[in-house]
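Visitor: I should like to understand how the descriptive terms for this model are justified. Please take me through them one at a time.

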Amino acid sequence: MLKNRGFYRGVNLGGWLSQCDYSRERLDGFVTEADFEKIAGWKLDHVRIPIDYNVLENEDGSYNEEGFGRIEKAIRLAKKYGLNVVVDLHKTAGFSFDFGEQESGFFENEALQERFYRLWEELAKRFGRWSDMVAFELLNEVTEQRFIDDWNRISQECIRRIRKYAPDTLILVGSYWNNSPEAVKDLAEPYDDKVVYNFHCYAPLEFTHQGAHWTREIDQNARYGFEDLDITPEMFEKVFAGALDRAKSVGAELYCGEYGVIDIARAEDTVKWYKCINSVFEKYGISRAAWSYKEMDFGISDSHMDNVRDELVRYL
């Protein structure tokens with residue numbers, strides 16, 4: 001379904017409408033038409049666009065027409081270059097995967113949940129008509145396992161409301177531990193046959209996040225080459241096994257919404273990692289979007305990848 005509908009090989013436009021300073025310069029200039037043209041030239045079929053709620057909502061909860069206009073402009077540019085779009089709500093009022101954002105309370109607060117539902121209803125009203133080329137991702141990276149029961153309830157209710165306005169739109173739902181593939185097993189059964197299970201993969205973290213200042217799970221001073229760790233197709237198969245089993249048992253498809261390697265790693269080793277994970281994606285027909293097109297410490301289009309990019313994009 002995903003491959004046939006043009007959501008098989010994609011890239012994230014991270015840092016454009018999310019995880020940024022929200023300045024007009026950033027929102028208007030970080031990604032331009034030339035970038036959509038370049039991505040299409042890489043023979044990819046879609047882009048995933050992370051969007052923070054405050055791009056779409058004002059402080060009082062009313063809607064920001066400029067923000068919605070930016071999404072529509074992005075969809076029209078994508079269409080011009082034969083690309084599809086995943087609209088990803090990267091942060092909602094009361095929750096962010098990034099603890100530094102100071103967003104909290106979403107999973108316990110009915111008012112914040114209602115605000116989330118209304119925002120998705122608004123997105124569905126405006127963009128449900130693009131169901132042939134636009135998919136919705138409800139929320140990026142639920143963090144703690146303790147949220148899963150509430151998240152299953154919230155996501156099911158949100159889909160029910162979306163379906164009033166967007167009955168045919170693909171909807172992506174991820175699980176806890178930041179969309180861990182191991183956590184897919186605890187997601188509710190799909191609301192309908194147009195719901196896709198979503199996960200992220202940065203395994204092994206010691207390689208893909210070496211030197212990352214924002215994570216405390218690894219030694220930030222350690223550096224690794226590709227051959228220094230046991231990175232094999234068999235490793236990725238083990239990482240994906242639970243998600244594959246759960247998806248098969250409920251008749252759902254899988255989508256890897258983020259995967260990539262930090263720019264501290266050697267570019268040649270980054271290509272080896274992409275080639276390795278790609279072999280498993282292809283074996284199981286898993287759709288995906290690499291993180292990330294530009295900057296954000298993972299930029300595929302950045303200068304450090306110049307000598308290997310032509311090879312790398314073959315494995316996206």
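Guide: Ring pairs join Phe95, Phe106, Phe107, Phe116, Tyr117, Phe147 and Trp151 into a cluster. The model is a predicted one, in which local features need pLDDT of at least 70, side-chain atom pairs count only at pLDDT 80 or more, and totals for chains, interfaces and linings use all residues. Residues are numbered from 1 along each chain as its sequence is written, and side-chain values use heavy atoms, with hydrogens and water left out.

Visitor: What makes two rings a pair?

Guide: Rings of Phe, Tyr and Trp (its six-membered ring) pair if their centres lie within 6.5 Å; planes under 30 degrees apart count as stacked, over 60 as edge-to-face and the rest as tilted. The structure holds 23 aromatic pairs.

Visitor: Why is the pair of Phe107 and Trp151 called edge-to-face?

Guide: The planes of Phe107 and Trp151 stand at 85° and the centres are 6.5 Å apart; an angle over 60 counts as edge-to-face, so the name applies. Phe107 belongs to the loop between β4 (95-96) and α5 (110-127), and Trp151 to helix α6 (residues 148-162), so that the pair links distant parts of the chain, 44 residues apart. Helices (H or I, at least four residues) and strands (E, at least two) are DSSP runs, numbered from the N terminus.

Visitor: How do you know which charges sit over the ring of Phe30?

Guide: The criterion is NZ of Lys or CZ of Arg within 6 Å of the ring centre and within 35 degrees of the ring normal. The charged end of Arg26 sits over the ring of Phe30, 3.8 Å from its centre. Lys294 lies over the face of Phe30 at 4.6 Å from the ring centre.

Visitor: Why is Lys43 called exposed, and why is Glu141 called buried?

Guide: Buried means under 20% relative accessible area, exposed over 50%, and partly exposed in between (1.4 Å probe, protein chains only). Lys43 has 65% and is therefore exposed, whereas Glu141 has 8% and is therefore buried. Phe107 and Trp151 are also buried.

Visitor: What makes the backbone at Lys43 and Glu141 notable?

Guide: Most residues other than glycine have a negative phi, and most peptide bonds are trans. Lys43, in the loop between α2 (33-41) and β2 (46-52), has a positive phi of about 70°. Glu141, in the loop between β5 (134-137) and α6, has a positive phi of about 55°.

Visitor: Which peptide bond at Pro204 is cis?

Guide: The bond from Ala203 to Pro204 is cis, with omega near -15°.
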